[in-house]
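Open the model in your viewer with the backbone drawn as a cartoon. The stops below are meant to be selected in order.

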Amino acid sequence: FIDAIERKVLHTWNIADHQKSIYGVESDDKVPMGAMQKACAFLSDDTPISISHNGHIAVLPYPSDLLSNASRKTEKMCLVTGHQAPIDAFTINHETDTMYTVDSDGIVVEWQASNGHALSRFAPPAGTDTDLSNKIHTGAITSVVALDRDTVLTTAWDDTLKISTKVQSDSGNVNSAMQVTQSLSLQAQPNGMTKGTNLVVILTVKGLLLYHNSTISSDIISLPFEPTSICLSNDDTTLYVGAQDCKIYIYTVNITSSDNPLEEKHVIQDGHLKSVHALSLSNDETKLASADSRDVCVWDVTTPDYTAIVSKSRWCFHTQKITCIAWSNDDSFLASGGGDDSIYLWSLAKKIKRVHFPFAHRGGITGLTFLKTNEDGEEEKRMILASVGIDACVNHWDVTDDVAKKFG
């Protein structure tokens, strides 16, 4: 049998020969709260596990001659991680098949996107995580973007921007886990973030901030309305801003101008009846999707007047705020998720039809995206939709057959 005590140590006992194995460090030192063991059990295949206060599940090694299923033996202890608090946002680096999720406890988890395996949690700056809580922010994290292969940005209600990278050890090797290497004050509470190629725009309660060349390159840019959502083009030149006044404002971005980096280009008026909470550009950047508390709309951004492709009162089946929208890889379909626990799939070719997944996440959906690659690094042939929600879960949905059956 095994036992766990509120110290960073586990015991496995072999009753037959009265032998004890120890995992962890048995000492009289004060144990960090996160390392305290809270419970232990055997799985159905005799694999011993233990759960610590910080949410890690330890899968323990065990003598193979005592296992009923020797093929399941574990050579060394490994940790299974994830979230215990609502997931507020996520992003995927399709090039590296890596997904990053953030929660309201201030924790960031790195995953392999294609198979949903959690790899590790982000580490706070060296020497600061004395209680082993793994929290890199002291407030709820509101947004995350993958700046490049080895750099991730997060904003939170501690009014900071954290830059996390893969740091080098003393031996010169790059560690597998991400660690916070820089923290910048935002001087306002952040509510969102969007990335182009080299530019990041941060949405705060006081206005917008620009992050460029590893620093915040602008003062807070005040707007004559209350912004509620943002989306930036890949070439860093066009910014779309959804507003509390039900309009969508389009700006030309000039990062070289310190006096006036944003110039108003167009305003989409009368497109929504409620505040615009989500925006998403299609992969070819010819269409813009927008959503409020009920409607999902689509706009042709190649026309001077931003002609409506799908106008209000057409895709209007959500019953609570729509929090996220995502384009399929070929831009033929849209997915939307909201606070009503529902995910809907929409087709631009057959606008009157829809696919509905109720109770997708208890408490609401906070993020959606379609996967581009599979576990082998090849182009994903099936339509796999990833979602996160308030229930602290990451889900993968194979919607290929649903799309074919409903839309043909």
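The tour starts with the whole chain and then moves to individual strands and turns.

**Whole chain.** This is a predicted model. With everything selected, the cartoon should show 1 helix and 34 strands. The chain has 408 residues, and 52% of them count as buried. If you draw a surface, the accessible area is about 19,000 Å², with 47% of that belonging to carbon and sulfur atoms. Among contacts with a separation of 6 or more, 44% are between residues 24 or more positions apart.

**Strand β29.** Select residues 333-338, which make up β29. How many of the residues of β29 are buried? The count is 6 of the 6, so the strand is largely enclosed by the rest of the structure. Show the side chains next. In a regular strand they alternate between the two faces of the sheet. On one side of β29 are Phe 333, Ala 335 and Gly 337, and on the other are Leu 334, Ser 336 and Gly 338; both faces are covered.

**The β28 side.** Add residues 322-327, which form β28; this strand pairs with β29 in the antiparallel sense over 5 bridges. To check the register, pick Ala 326 and look across to Ala 335 in β29. Then follow the backbone through the hairpin of β28 and β29, where 5 residues lie between the strands. Stop at Asp 331, which has a positive phi near 65 degrees.

**The β30 side.** Now select residues 343-347, which are β30. β30 also pairs with β29 in the antiparallel sense, over 5 bridges. Ala 335 serves as the marker again: opposite Ala 335 in β30 is Leu 345. β29 and β30 form a hairpin with 4 residues between them.

**Asp 341.** Zoom in on the loop between β29 and β30, where Asp 341 is located. Its phi is near 70 degrees, a positive value in a residue other than glycine. Is Asp 341 buried or exposed? Its relative accessibility is 12%, and the cut-off for buried is under 20%, so Asp 341 counts as buried.

**Asp 159.** For the last stop, go to the loop between β13 (151-156) and β14 (160-165) and select Asp 159. This residue, other than glycine, also takes a positive phi, near 60 degrees. Asp 159 has a relative accessible area of 28% and is partly exposed, whereas Asp 341 counts as buried.

Conventions. Residues are numbered from 1 along each chain as its sequence is written. This is a predicted model: local features need pLDDT of at least 70, side-chain atom pairs count only at pLDDT 80 or more; totals for chains, interfaces and linings use all residues. Side-chain values use heavy atoms; hydrogens and water are left out. Helices (H or I, at least four residues) and strands (E, at least two) are DSSP runs, numbered from the N terminus. Buried means under 20% relative accessible area, exposed over 50%, partly exposed in between (1.4 Å probe, protein chains only). Contact means heavy atoms within 4.5 Å. Accessible areas come from the Shrake-Rupley method with a 1.4 Å probe; for residues, only the protein chains shown count as cover. Two strands pair if DSSP finds at least two bridges between them.
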